[in-house]
Amino acid sequence: MRRLILLAWFLGLGFARGDWEVAQIDGRDYVSLASAATFYGMAAPSASGAKKFAASGGGRTIEVELDSREAIVDGVRQWLSFPARAKDGAAWVSRMDISHTIDPAFRPDAVKGMRPVQTVVLDPGHGGHDNGASSRYGYEKDFTLDVVRRLRKRLEAAGLKVVQTRNSDTFIELERRPRVANKISNSIFVSIHFNSADWKPTANGIETYAIPPLGAPPSGQDAVQARDREAELGHALEPVDFALATTMHHALMAKMKVEDRGVKRARYVVLKDASTPAILIEGGFLTNPGDAARIANPAWREAYAAAIAAGIIEYKKLAEQGVKPREKKDW
Ligand SMILES: [Zn+2]
């Protein structure tokens, strides 16, 4: 019975074979990292540090940490929906994470539902009376608009149409922003922000957000809540959003020498209300002295815009030609 259920589940992903070890942990389906390694053509996992297990082979690598939601998949950090767990002295990961994070991270070219990319809707975070975060050098709302203007030039030079949710220092409600993209066929939505953590000035680096899988908590929340089971407009494209986020994050981590804070999940309004592929990038912390100085530097913002443009063009090749995106190590 268990095998039949599994077969149907994996066939739903397009898997043709599979001999997966399954167990109930924390009241949900988990699979052993060993059976995932076998399926993906990697050698058997081994301990790689205190509470850490790693596997590699066939051009793929994964490292998980027991009781943690942070994993490293093909060289970049991925936030799992549920923590990896120990059972029988081995590492296990949730079925949800195999199908919604690990599989699409390994095989973005197998994700269904991508459409051509003709228009990129760029969303500079905040504006008007909403300054966003701030550093001694300036406001988030001004840095985001500056990055978007630089990015726009690069995308237009590459033959893409660009629409901005704002191109001046004006306040735009969150709900209106994704609607701009929803009205344009063959568009993607990219929201540009900078981060802050007044309580932790050491926090630094870049993180890329996609909507969480339906039924999974956001990266910043431990337990599943009722709203996590409510389908939003954005959930129709959740695997596509994740493929876009992961493609982007590999490009960013390859080109920007900053801390990798990972591909994270959040039910931000601009992600959950989008009916086009949508991501949000937090390009560093205005509350961190190092990040704040970098972000204040126009040359850094130009390089950052170039990295985002590269990620978008890489996703366009994936969506239109099925070309597997370059990973961090490939750039
Ligand atoms: Zn922001």
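These legends accompany close-up views of a predicted model.

**View 1. Helices α4 and α9 pack against each other**.
Let's start with a pair of helices. Two packed helices are described by the angle between their axes and the distance between the axes. Here, helix α4 covers residues 140-157 and helix α9 covers residues 298-321. Their axes are 8 Å apart and meet at an angle of about 50 degrees. That angle makes α4 oblique to α9, because the oblique class takes in whatever is not roughly parallel (under 35 degrees), roughly perpendicular (65 to 115) or roughly antiparallel (over 145). The crossing of α4 past α9 is right-handed.

**View 2. The residues where α4 meets α9**.
Now look at the side of each helix that faces its partner. From α4, the contact is made by F143, D146, V147, R150, L151, R154 and L155. From α9 come P298, R301, E302, Y304, A305, A306, I308, A309 and I312. Sorted by class, this contact has 11 nonpolar and 5 charged residues, with no polar ones.

**View 3. Strand β5 and its two faces**.
In a regular strand the side chains alternate between the two faces of the sheet. You can follow this pattern along β5, which spans residues 60-65. R60, I62 and V64 point to one face and are buried. T61, E63 and E65 point to the other face and are not buried.

**View 4. Strand β5 with its neighbours β4 and β6**.
Strand β4 (residues 52-57) runs antiparallel to β5, and 6 bridges join the two. Within this pair, A54 stands opposite E63 of β5. The β4 and β5 hairpin has 2 residues between its strands, and G58 takes a positive phi near 60 degrees there. Strand β6 (residues 70-73) is also antiparallel to β5, joined to it by 3 bridges. Here I62 of β5 is found opposite V73 in β6. The hairpin of β5 and β6 has 4 residues between the strands, and in this hairpin D67 has a positive phi near 65 degrees.

**View 5. Q164 and its surroundings**.
Our last stop is a single residue. Q164 belongs to strand β13, which covers residues 161-164. Is Q164 buried or exposed? Its relative accessible area is 13%, so Q164 is buried, as the cut-off for buried is under 20%. Leaving aside residues up to four places away in sequence, Q164 touches L122, L145, V148 and R152. F189 is 25 residues from Q164 in sequence, and their C-alpha atoms are 9.6 Å apart in space.

Note on methods:
Residues are numbered from 1 along each chain as its sequence is written. This is a predicted model: local features need pLDDT of at least 70, side-chain atom pairs count only at pLDDT 80 or more; totals for chains, interfaces and linings use all residues. Side-chain values use heavy atoms; hydrogens and water are left out. Axes are lines fitted to C-alpha atoms, for helices over the stretch in contact, and angles run from 0 to 180 degrees between N-to-C directions. A crossing is left-handed if the near helix is turned anticlockwise from the far one by less than a right angle, and right-handed if clockwise. Contact means heavy atoms within 4.5 Å. Ala, Val, Leu, Ile, Met, Phe, Trp, Tyr, Cys and Pro count as nonpolar, Asp, Glu, Lys and Arg as charged, and the others, Gly among them, as polar. Buried means under 20% relative accessible area, exposed over 50%, partly exposed in between (1.4 Å probe, protein chains only). Two strands pair if DSSP finds at least two bridges between them.
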